[in-house]
Amino acid sequence: MDWKSFIKETRSKLANLNKELPNTFVGFNLMGKDAKKNGIVDEKTKEFVALGIAISTRCESCIGMHVEALVRLGASKAELVEVLAMCCYMGGGPSITFSAKALEAYDQLSN
(Lines give C-alpha, C1' and ligand atoms only; values in the text may rest on other atoms or scores of the structure.)
Protein backbone atom coordinates (compact mmCIF):
# COMPACT_ATOMS: atom_id res chain seq x y z
CA MET A 1 0.00 0.00 0.00
CA ASP A 2 1.19 3.53 -0.75
CA TRP A 3 0.37 5.19 2.57
CA LYS A 4 0.93 8.77 1.41
CA SER A 5 -1.55 8.33 -1.45
CA PHE A 6 -3.95 6.43 0.79
CA ILE A 7 -3.97 9.23 3.40
CA LYS A 8 -4.43 11.85 0.68
CA GLU A 9 -7.38 9.90 -0.74
CA THR A 10 -8.86 9.47 2.74
CA ARG A 11 -8.63 13.20 3.39
CA SER A 12 -10.36 13.87 0.09
CA LYS A 13 -13.22 11.55 1.02
CA LEU A 14 -13.49 13.18 4.44
CA ALA A 15 -13.60 16.63 2.81
CA ASN A 16 -16.52 15.47 0.66
CA LEU A 17 -18.35 14.17 3.72
CA ASN A 18 -17.53 17.40 5.56
CA LYS A 19 -19.43 19.33 2.87
CA GLU A 20 -22.53 17.26 3.67
CA LEU A 21 -22.10 17.21 7.45
CA PRO A 22 -20.33 20.46 8.37
CA ASN A 23 -21.72 20.67 11.91
CA THR A 24 -20.67 17.11 12.65
CA PHE A 25 -17.13 17.90 11.55
CA VAL A 26 -17.03 21.15 13.56
CA GLY A 27 -17.95 19.18 16.67
CA PHE A 28 -15.56 16.33 15.92
CA ASN A 29 -12.66 18.69 15.17
CA LEU A 30 -13.32 20.69 18.35
CA MET A 31 -13.34 17.50 20.39
CA GLY A 32 -10.10 16.35 18.73
CA LYS A 33 -8.34 19.66 19.29
CA ASP A 34 -9.11 19.53 22.99
CA ALA A 35 -8.26 15.83 23.33
CA LYS A 36 -4.88 16.16 21.58
CA LYS A 37 -3.52 19.18 23.44
CA ASN A 38 -0.55 18.68 25.70
CA GLY A 39 -1.51 18.33 29.33
CA ILE A 40 -0.42 15.87 31.97
CA VAL A 41 -0.15 13.43 29.06
CA ASP A 42 1.67 14.77 26.02
CA GLU A 43 0.29 14.72 22.48
CA LYS A 44 2.69 12.01 21.29
CA THR A 45 1.53 9.63 24.01
CA LYS A 46 -2.09 10.40 23.12
CA GLU A 47 -1.35 9.60 19.48
CA PHE A 48 0.11 6.25 20.52
CA VAL A 49 -3.14 5.54 22.39
CA ALA A 50 -5.11 6.54 19.29
CA LEU A 51 -2.94 4.26 17.16
CA GLY A 52 -3.63 1.35 19.52
CA ILE A 53 -7.36 1.97 19.20
CA ALA A 54 -7.04 2.25 15.40
CA ILE A 55 -5.25 -1.10 15.29
CA SER A 56 -7.79 -2.78 17.57
CA THR A 57 -10.71 -1.47 15.50
CA ARG A 58 -8.89 -2.30 12.23
CA CYS A 59 -9.24 1.19 10.77
CA GLU A 60 -6.57 1.59 8.10
CA SER A 61 -7.39 5.28 7.56
CA CYS A 62 -6.96 5.96 11.28
CA ILE A 63 -3.72 3.96 11.36
CA GLY A 64 -2.30 6.06 8.53
CA MET A 65 -3.29 9.40 10.00
CA HIS A 66 -2.12 8.57 13.54
CA VAL A 67 1.20 7.20 12.28
CA GLU A 68 1.56 10.39 10.22
CA ALA A 69 0.96 12.43 13.38
CA LEU A 70 3.50 10.33 15.29
CA VAL A 71 6.12 10.94 12.62
CA ARG A 72 5.36 14.69 12.82
CA LEU A 73 5.75 14.52 16.61
CA GLY A 74 9.15 12.84 16.33
CA ALA A 75 8.24 9.31 17.41
CA SER A 76 11.09 6.92 16.77
CA LYS A 77 10.71 3.58 15.09
CA ALA A 78 11.83 1.93 18.34
CA GLU A 79 9.01 3.67 20.25
CA LEU A 80 6.50 2.64 17.60
CA VAL A 81 7.63 -0.99 17.62
CA GLU A 82 7.41 -1.13 21.42
CA VAL A 83 3.83 0.16 21.32
CA LEU A 84 3.00 -2.26 18.48
CA ALA A 85 4.21 -5.13 20.69
CA MET A 86 1.61 -4.14 23.29
CA CYS A 87 -1.06 -3.88 20.57
CA CYS A 88 -0.18 -7.39 19.40
CA TYR A 89 -0.27 -8.73 22.96
CA MET A 90 -3.66 -7.20 23.71
CA GLY A 91 -5.29 -7.87 20.33
CA GLY A 92 -3.88 -11.20 19.19
CA GLY A 93 -3.68 -12.22 15.54
CA PRO A 94 -5.78 -9.43 14.01
CA SER A 95 -3.74 -6.81 15.85
CA ILE A 96 -0.52 -8.40 14.65
CA THR A 97 -1.75 -8.02 11.06
CA PHE A 98 -2.74 -4.38 11.55
CA SER A 99 0.44 -3.63 13.53
CA ALA A 100 2.38 -4.78 10.47
CA LYS A 101 0.40 -2.22 8.45
CA ALA A 102 1.25 0.49 10.99
CA LEU A 103 4.96 -0.39 10.75
CA GLU A 104 4.78 -0.26 6.97
CA ALA A 105 3.07 3.15 7.20
CA TYR A 106 5.80 4.41 9.55
CA ASP A 107 8.56 3.25 7.23
CA GLN A 108 6.95 5.02 4.26
CA LEU A 109 5.88 8.19 6.05
CA SER A 110 9.15 8.73 7.91
CA ASN A 111 11.19 8.80 4.70
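Which residues of α4 are buried? They are I63, G64, V67, A69 and L70. This report works outward from that helix. The model is predicted.

## Overall build

The protein has five helices and zero strands. From the N terminus on, its elements run α-α-α-α-α. The C-alpha trace spans about 40 × 35 × 30 Å along its principal axes. A compact globule of 111 residues would have a radius of gyration near 13 Å, and the protein has 14 Å, which agrees.

Buried residues make up 26% of the 111 residues. The accessible surface comes to about 7000 Å². Carbon and sulfur atoms hold 62% of that surface. Among contacts with a separation of 6 or more, 68% join residues 24 or more positions apart.

## Helix α4 and its cover

Helix α4 covers residues 60-72. Its 13 residues should span 18 Å at 1.5 Å a residue, and its end C-alpha atoms are 18 Å apart, which agrees. What covers its buried residues includes α1, α3 and α5. Just after α4, G74 takes a positive phi of about 85°.

C62 also lies in α4. Is C62 buried or partly exposed? C62 has a relative accessible area of 28%, under the 50% above which a residue is exposed and over the 20% below which it is buried, so it counts as partly exposed. In sequence, C62 and T10 are 52 residues apart. In space, their C-alpha atoms are 9.4 Å apart.

## Helix α1

Helix α1 runs over residues 3-20 and has 18 residues. From its first C-alpha to its last it reaches 26 Å, close to the 26 Å expected at 1.5 Å a residue. D2 caps the N-terminal end of α1. A side-chain oxygen of D2 lies 3.2 Å from the backbone nitrogen of K4.

Four names mark the inner side: W3, F6, I7 and T10 are buried in α1. Seen down the axis of α1, its buried residues fall within an arc of 95°, so they line one face of the helix. The face turned away from that buried side carries the exposed residues K8 and K19. What covers the buried residues of α1 includes α4 and α5, the latter spanning residues 77-109.

## R11, from α1 towards α4

R11 sits in helix α1. At 41% relative accessibility, R11 counts as partly exposed. Which residues does R11 touch, not counting those up to four places away in sequence? R11 touches M65 and E68. R11 and M65 are 54 residues apart along the chain. Their C-alpha atoms are separated by 9.3 Å.

## Helix α3

Helix α3 takes in residues 43-57. It has 15 residues and reaches 21 Å from its first C-alpha to its last, close to the 21 Å expected at 1.5 Å a residue. Its buried residues are E43, E47, F48, A50, L51, G52, A54 and I55. What covers them includes α4, α5 and α2, and α2 spans residues 22-36.

R58 follows just after α3, with a positive phi of about 60°. R58 is a residue other than glycine. Its place is in the loop between α3 and α4. At 39% relative accessibility, R58 counts as partly exposed.

## E43, a buried acid in α3

E43 belongs to helix α3. Why does E43 count as buried? Its relative accessible area is 17%, and buried means under 20%, so E43 is buried. What joins the side chains of E43 and R72? A polar contact of 3.2 Å joins them.

Leaving aside neighbours within four places in sequence, E43 is in contact with K36, N38, R72 and L73. R72 thus appears both in this contact list and in the polar contact with E43.

How values were computed:
Residues numbered from 1 in each chain as written. Predicted model: local features only at pLDDT ≥ 70, side-chain atom pairs only at ≥ 80, totals over all residues. Heavy atoms only, no water. Helix = DSSP H or I, 4+ residues; strand = E, 2+ residues; numbered from the N terminus. Expected span 1.5 Å × (residues − 1). Buried < 20%, exposed > 50% of the residue type's maximum accessible area, 1.4 Å probe, protein only. Arc of directions from axis to C-beta. Contact = heavy atoms within 4.5 Å. Polar contact = N/O pair within 3.5 Å; in protein donor to acceptor, adjacent residues only side chain to side chain. Rg over C-alpha atoms; globule rule 2.2 N^0.38 Å. Areas by Shrake-Rupley, 256 points an atom, 1.4 Å probe, with all protein chains shown as cover.
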